[in-house]
Amino acid sequence: RPEKELKDMLSRWTELGVDGPDLGQIRPVYAPKDFLEVVIGLQNSNCHTTGSVGTCNLLWGMIQAPLRVKSLNELRLQYSDMAITQCQTGIDDFPDIPAELFDTDRTKLGRKVLAANHAPVSREFSKKGCPISMRAELWCQILGIELTSVDNLYYEQLKTYVLHHDLLVDNLLYKDVKLTATNDDQYFVFEDFLYQVLLPFSRDTVVLKHFVQNSATPPKSYIRGKLGVEEFAVIYPPNGVIPFHGFAMYVAPLCYLYNDVVQLYYVFRHMYMHFFYHLHSISSHPQGIVCLSLLFESLLQTEEPELFYHLKQVGCQPLKIAFKWLMRAFSGFLASDQVLLLWDRILAYDSLEILSVLAVAIFSFRKMNLMKVQTLNAAEAVLADLYTLQVLPLLQLALFST
């Protein structure tokens, strides 16, 4: 950047949303519906499908990749600590429930867990949810985040890279925040925080490490004037991640937990490298978006066959609606406190499969209205507003009701 522009950006670093770049010509590279088209187009050339019962294709669903996903019984065992008979943070700590029945003892135990400062203990404790006052610290313990002066220096270095170099991906991030978080009455107040996290994130080459566990490869560009010359190829953007429409919503709920932007940055980076990258990468990984979509379809077919068949008959494949929920881990679709309760369980169980279970639970909960729809638009209208839903009762009903 020119010296004048650099100084101007530095002076308004904490209020970057006030006077951003011109975004009139900028469009998101892709959105969940575009990615869904790619996912449903996946085929296994080694799998011969005849359309008859017993072959490896799923007759009703959109996902035709023959991957192994868990049954409801396996999920019940996995999430046994969430059983209806067990007290849970997010249900049993409501203000109208006497604190001595659950909340007081839970808080005392939470203090002991924090004092132990041991990730497996924190993870086990969080399986029944994190008390609001302890969530931020518990998540740091689970993710193994203990900030040092070196971490603060590294963030300042990333900030320097942002100030010195203007990248095209910056405009994509600005546009995404403007289209999503800024238009959301729960998250618009965090607009500046989002820029302070996402812009340095795009320069962070540590993020490239997640490609070791990922079947994708980071996109590359060429130094100007050297197009096609392999030794002048560089990874672009530097972190290898091209943001899609809704990417900023991975950060937005975390802003409720951390008022220190450096701590917020490292928590988001850990969450992305451990969980969120699975949600927009094609792979056969059990936590990947393909398997999560298949798990959603197989559970819905098993538990609500009548509903699934009806929606399919009227041209409304359930995954067309649920895919965006899965891809954004429900951020921006549920109330923020419910998103955090859901993400408690993702961290505690070290698994994204709870997303598919919740998606099935929502369809079951709205079944009566969905059985009356005759078009995709009508079904989308029934499922448009999820802000009033309570996550935990729905999960318990989906997993443990008989």
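## A walk through the model

Let's start with residues 129-350: the C-alpha atoms at the two ends of this span sit 13 Å apart, and the stretch is 50% helix and 3% strand. Keep in mind that you are looking at a predicted model. The span comes from an unreviewed UniProt entry, where the annotation "domain: Rab-GAP TBC" covers residues 129-350.

Now for the interior. As a general rule, nonpolar side chains in soluble globular proteins tend to be buried together. In this model, the largest nonpolar core has 129 residues. If you want a way into it, pick Phe-268, Trp-325 or Phe-363, the residues with the most contacts inside that core. Phe-363 is a good one to click on. Setting aside residues up to four places away in sequence, Phe-363 touches Phe-296, Leu-300, Leu-307, Leu-311, Pro-318, Ile-321, Ala-322, Trp-325, Leu-370 and Leu-383. Notice that Trp-325, another of the residues with the most core contacts, is among those partners.

Next, the open space. The largest pocket holds about 320 Å³. Its lining is made up of 16 residues, and Pro-32, Lys-33, Lys-320, Lys-324 and Glu-380 come closest to the centre. Two elements each give two or more residues to this lining, namely α2 (32-40) and α13 (318-327). Of the elements, α2 gives the most, with five residues. What mix of classes would you meet along the lining of the largest pocket? Sorted by class, there are eight nonpolar, two polar and six charged residues.

From α2, follow the chain into the loop that leads to α3 (72-78), and you will find Lys-70 there. With a relative accessible area of 29%, Lys-70 counts as partly exposed, because that value falls between the 20% and 50% cut-offs. What does Lys-70 touch once its neighbours within four places in sequence are left aside? The contacts are Leu-75, Gln-78, Leu-295 and Glu-353. The chain also brings distant stretches of sequence together here: Lys-70 and Leu-294 are 224 residues apart in sequence, yet their C-alpha atoms are 9.9 Å apart in space.

A few spots in the backbone are worth a look too. The peptide bond from Tyr-236 to Pro-237 is cis, with omega near -5 degrees. Pro-237 belongs to the loop between β2 (233-235) and α10 (261-274). Then there is Phe-330, in the loop between α13 and α14 (336-349). Phe-330 has a positive phi of about 70 degrees, although it is not a glycine. Is Phe-330 buried or exposed? Phe-330 is buried, because its relative accessibility of 0% is under the 20% cut-off.

At the other end of that helix, Asp-350 lies in the loop between α14 and α15 (353-365). Asp-350 is not a glycine either, and its phi is positive at about 50 degrees. Its relative accessible area is 35%, so Asp-350 counts as partly exposed.

Finally, step into helix α14 itself and find Ser-336. Ser-336 has a relative accessible area of 12%, so it counts as buried. Leaving aside neighbours within four places in sequence, Ser-336 is in contact with Gln-186, Tyr-187 and Tyr-256.

Key. Residues numbered from 1 in each chain as written. Predicted model: local features only at pLDDT ≥ 70, side-chain atom pairs only at ≥ 80, totals over all residues. Heavy atoms only, no water. 1 Å grid on protein atoms, 1.4 Å probe; cavity = no way out; pocket = protein on both sides within 12 Å on 5 of 7 lines; lining within 4 Å. Points joined across faces, edges and corners; volume = space filled by probe spheres on them. Helix = DSSP H or I, 4+ residues; strand = E, 2+ residues; numbered from the N terminus. Nonpolar A, V, L, I, M, F, W, Y, C, P; charged D, E, K, R; others polar. Core = buried A, V, L, I, M, F, W, Y, C linked by side-chain atoms within 4.5 Å. Buried < 20%, exposed > 50% of the residue type's maximum accessible area, 1.4 Å probe, protein only. Contact = heavy atoms within 4.5 Å. UniProt positions renumbered as here; feature names shortened; annotations may be inferred.
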